[in-house]
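Subject: Structure handover

Hello,

Here is the structure for you to look through. My notes on it follow below.

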Amino acid sequence: MTTTNRPGTDLPQAAATVAPAKVNATLVVGPTREADGRHELVSVMQSVTLHDDVAIRPRRDGDELPPRPGETEELDPELLCVLPAGTPTEPAAGVVEDPSGDLVRCPGVRGENLALTALRRFRAATGWDAGPLTIEIAKRIPVAAGMAGGSADAGAVLRLAAHLSGRGDAVLLQELAAGLGADVPHQLQPGLALATGAGERLVRSTGILPGAALVLPSSAQLSTAAVYRRCDELDSPRTATALAGWEDRVAIALGGPAPPSLPDALCVNDLEAAALDLCPSIADALDRLRGVGAQRSMVCGSGPTTIGWFASADAARAAATALGEEAGAIVAVPTGGAAVSSILELPA
Ligand code: ATP
């Protein structure tokens, strides 16, 4: 493929990458920090093959019009082959314009888009002036589902902006990512990681969790902030000492011989009780996953999506068939490394 470079530079004008969803194998919630009111946590984050596609290119006439259904899925067929495609969500108007002239096209997401915020902050921090840009997002990760879809898109934008501009070192990207949200730093280098602090302190693992997750989306949506609030009301957060104990145990489990696997006892989600309280239908979803053979079923992040863990992708696929097509279950295989970090340069 021939790419067009930015005039007077050897930098490309357009590029795309995948933005993978994440699942939490462990999500232990501790006290809130005095400095910023965010919860301390110990979290094992694993990127999976379910993903959005994100591209940045110079803005063209007509970009301000709402995307036609299916339009962005045709954005870049080559990129869609990097990982198996998931199920597209129902398209809805999803064009947001920044006063600077940058815009995002993201069917299925209304209102402010974290991907556009990421680009705005990157430009402000680096002084990158590239003329108005368009971010195209082919959305497949369910929205407000606890799978870090917005964070994945924001992380992808930071990676793409750094590539296209030749600006922004790792420290700055990390800082910008942490400012955008607890799940964004992980998305700068998707894969398997132990996250502590409020999610910004990451120890990356070169391994990938074995087995496969079967994701059961819900028609409900839960706000992450509301789930944390309910968790506080239910008096669930752990003490700082308990949290430190969890960090040690998880670090040992992930640091073990490859491939890393988490003992059953470390597969917990402290937000589950709060999510169940706010969205009681989650209990049925957990039962259904167990009913089709999940070794373990749990709420994904802050929910309401649920996931079942299976020994293999084949076992997860068989369970998806047993649930029936109308359940909309998605097989999500743990992934990491070059498959999810690589950037494809595109013709402008
Ligand atoms: P997390 O697990 O990171 O807390 P989530 O997976 O539960 O988040 P998201 O899909 O990231 O939820 O959406 C949370 C909110 O962010 C939604 O209300 C949505 O409108 C908004 N949002 C902003 N930008 C995006 C985006 N690019 N993709 C999805 N949602 C976005």
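**Gly-146 and the annotated stretch**

Leaving aside neighbours within four places in sequence, Gly-146 is in contact with Val-299, Cys-300, Gly-301, Ser-302, Gly-303 and Thr-305. Contact means that the C-beta atoms of two residues, placed from the backbone, lie within 7 Å. This is a predicted model: local features need pLDDT of at least 70, side-chain atom pairs count only at pLDDT 80 or more, and totals for chains, interfaces and linings use all residues. Numbering runs from 1 along each chain as its sequence is written.

Gly-146 sits in the loop between β5 (133-138) and α3 (149-165). Helices (H or I, at least four residues) and strands (E, at least two) are DSSP runs, numbered from the N terminus. Gly-146 counts as buried because it has 30 C-beta neighbours inside 10 Å. The cut-offs: buried means 20 or more other C-beta atoms within 10 Å of the residue's own, exposed means 12 or fewer, and partly exposed is in between, with C-beta atoms placed from the backbone.

Gly-149 lies in helix α3. Gly-149 is buried too, with 29 C-beta neighbours inside 10 Å. Beyond four places in sequence, its contacts are Ala-21, Asp-52, Ile-141, Pro-142 and Val-143.

Both glycines carry a UniProt annotation. The unreviewed entry places the feature "binding site" at positions including Pro-142, Gly-146, Gly-149 and Ala-152. UniProt positions follow the numbering used here, feature names are shortened, and annotations may be inferred rather than shown by experiment.

**The ligand shell**

Which residues are closest to the ligand? They are Ala-148, Gly-149, Gly-150, Asp-153 and Thr-224, out of 20 that surround the ligand. A residue is near a molecule if its C-beta atom, placed from the backbone, lies within 6 Å of it. Two elements, α2 (114-126) and α3, give two or more residues to the shell. The largest share, 4 residues, comes from α3. By class, the shell has 9 nonpolar, 9 polar and 2 charged residues. Here Ala, Val, Leu, Ile, Met, Phe, Trp, Tyr, Cys and Pro count as nonpolar, Asp, Glu, Lys and Arg as charged, and the others, Gly among them, as polar.

**Two helices with a buried side**

Start with α5 (residues 224-233). Val-227, Tyr-228 and Cys-231 are buried there. They cover an arc of only 100 degrees around the axis, so they are on the same side of α5. The arc is that of the directions from the helix axis to the C-beta atoms. An α-helix has 3.6 residues a turn, so residues three or four places apart point the same way. The buried residues of α5 pack against β1 (14-32), β2 (39-58) and α7 (272-278). Exposed Ala-225 and Glu-233 are on the face turned away. Just after α5, Asp-235 takes a positive phi of about 65 degrees.

Now α9 (residues 313-323). Its buried residues are Ala-315, Ala-316, Ala-319 and Ala-320. They fall within an arc of 145 degrees, so they line one face of the helix. They pack against β8 (212-216), β10 (306-310) and β11 (330-332). The face turned away from the buried side carries exposed Asp-314 and Thr-321. Gly-324 follows α9, with a positive phi near 90 degrees.

**Leu-103**

Leu-103 is in strand β4 (residues 103-105). Leu-103 is buried, with 21 C-beta neighbours inside 10 Å. Its C-alpha atom is separated by 6.8 Å from that of Leu-116, 13 residues apart along the chain.

Best wishes
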